[in-house]
Amino acid sequence: MTIAIVAHGRYVPERILDNNFFVNSPHNPYKVYIGADNSGNPVFKTERTLVDNEKILKITGGIKERRAISEGEDIVDLIERAYAKTNFPAEELRGIFIGSISDDIYFPSIACRVQVRIGAKNVRNSSDIKAACAGFTHALDSAYLQVANHKGPHLVVGAETL
């Protein structure tokens with residue numbers, strides 16, 4: 001049996017946060033580890049340290065800006081926009097696996113909300129995979145097992161709005 005990725009889509013939010021957003025943030029606490037207490041629990045002290053752009057560039061390996069969702073947007077909006085770029089017919093999908101920990105509600109799942117939003121009426125299995133950084137690879141593996149067992153095409157998504 002041949003298994004292949006037949007379409008892909010990508011979307012990043014319009015809103016850009018440059019490093020000045022973090023430098024000028026009124027919520028800029030900086031925790032410093034100072035040791036452990038007598039029970040072995042970590043002890044931190046919190047300092048209000050203003051970081052400048054150069055320090056952020058050094059700490060992050062050169063990141064100058066990030067993308068963030070805007071007011072009124074959620075993760076389902078991002079996934080729907082990325083899916084629209086695939087030009088893959090939603091009615092052909094048999095499953096949806098979403099690797100993400102960025103949901104603001106627990107029920108219904110991101111995958112179920114995406115299923116409704118894109119009109120995937122023939123989907124039999126919609127699941128969120130809550131595995132942080134490894135979420136997408138777990139979602140891809142789950143879809144692979146379904147497709148390998150003749151379950152038809154699946155949508156696999158990795159998306160975060162952290």
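Buried here means under 20% relative accessible area, and by that yardstick H3 is mostly covered, with seven of its ten residues buried. Keep in mind while looking at these close-ups that the model is predicted.

**View 1. Helix H3 and what covers it.** H3 spans residues 75–84. Its buried residues are Ile75, Val76, Asp77, Leu78, Ile79, Ala82 and Tyr83. They pack against S5, H4 and S7. As for the pattern along a helix, an α-helix has 3.6 residues a turn, so residues three or four places apart point the same way.

**View 2. Where H3 meets H4.** The two helix axes come within 10 Å and cross at roughly 50 degrees, which makes H3 oblique to H4. The crossing of H3 past H4 is right-handed. On the H3 side, the contact is made by Ile75, Val76, Asp77, Ile79, Glu80 and Tyr83. H4 answers with Ile110, Arg113, Val114, Arg117 and Ile118.

**View 3. Helix H4 and its buried residues.** H4 runs over residues 110–118, and its buried residues are Ile110, Ala111, Arg113, Val114, Gln115 and Ile118. These pack against H3, S5, S6 and S7. Just after H4 comes glycine 119, with a positive phi near 75 degrees.

**View 4. Zooming in on glutamine 115.** This residue sits in helix H4. Is glutamine 115 buried or exposed? Its relative accessibility is 19%, so glutamine 115 counts as buried, the cut-off being under 20%. Leaving out residues up to four places away in sequence, glutamine 115 touches Ile96, Ala120, Val123 and Ser126.

**View 5. The largest nonpolar core.** This core holds 18 residues, and those with the most contacts inside it are Ile79, Leu93, Ile98, Val114, Ile118 and Leu155. Which elements give two or more residues to it? They are helix H3, strand S5 (95–99), helix H4 and strand S7 (154–158).

**View 6. Leucine 155 and its neighbours.** Leu155 is among the core residues with the most contacts. Setting aside neighbours within four places in sequence, leucine 155 is in contact with Tyr83, Leu93, Gly95, Ile96, Phe97, Val114 and Ile118. Of these partners, Tyr83 is one of the buried residues of H3, while Val114 and Ile118 are among the buried residues of H4.

**View 7. Asparagine 122 in its loop.** Asparagine 122 lies in the loop between H4 and strand S6 (125–129). With a relative accessible area of 38%, asparagine 122 is partly exposed. Looking past neighbours within four places in sequence, the contacts of asparagine 122 are Glu91, Leu93 and Arg94. Asparagine 122 and leucine 93 are 29 residues apart in sequence, yet their C-alpha atoms are 6.4 Å apart in space.

**View 8. An aromatic pair.** How many aromatic pairs does a search of the whole structure find? It turns up one. The partners are phenylalanine 21 and phenylalanine 22, whose ring centres are 5.1 Å apart, with 85 degrees between the planes. That angle is over 60, so the pair counts as edge-to-face. Phenylalanine 21 has a relative accessible area of 39% and is partly exposed. Phenylalanine 22, at 30% relative accessibility, counts as partly exposed too.

Methods:
Residues are numbered from 1 along each chain as its sequence is written. This is a predicted model: local features need pLDDT of at least 70, side-chain atom pairs count only at pLDDT 80 or more; totals for chains, interfaces and linings use all residues. Side-chain values use heavy atoms; hydrogens and water are left out. A nonpolar core is a set of buried Ala, Val, Leu, Ile, Met, Phe, Trp, Tyr and Cys residues joined through side-chain atoms within 4.5 Å. Buried means under 20% relative accessible area, exposed over 50%, partly exposed in between (1.4 Å probe, protein chains only). Helices (H or I, at least four residues) and strands (E, at least two) are DSSP runs, numbered from the N terminus. Contact means heavy atoms within 4.5 Å. Rings of Phe, Tyr and Trp (its six-membered ring) pair if their centres lie within 6.5 Å; planes under 30 degrees apart count as stacked, over 60 as edge-to-face and the rest as tilted. Axes are lines fitted to C-alpha atoms, for helices over the stretch in contact, and angles run from 0 to 180 degrees between N-to-C directions. Angles under 35 degrees count as roughly parallel, over 145 as roughly antiparallel, 65 to 115 as roughly perpendicular and the rest as oblique. A crossing is left-handed if the near helix is turned anticlockwise from the far one by less than a right angle, and right-handed if clockwise.
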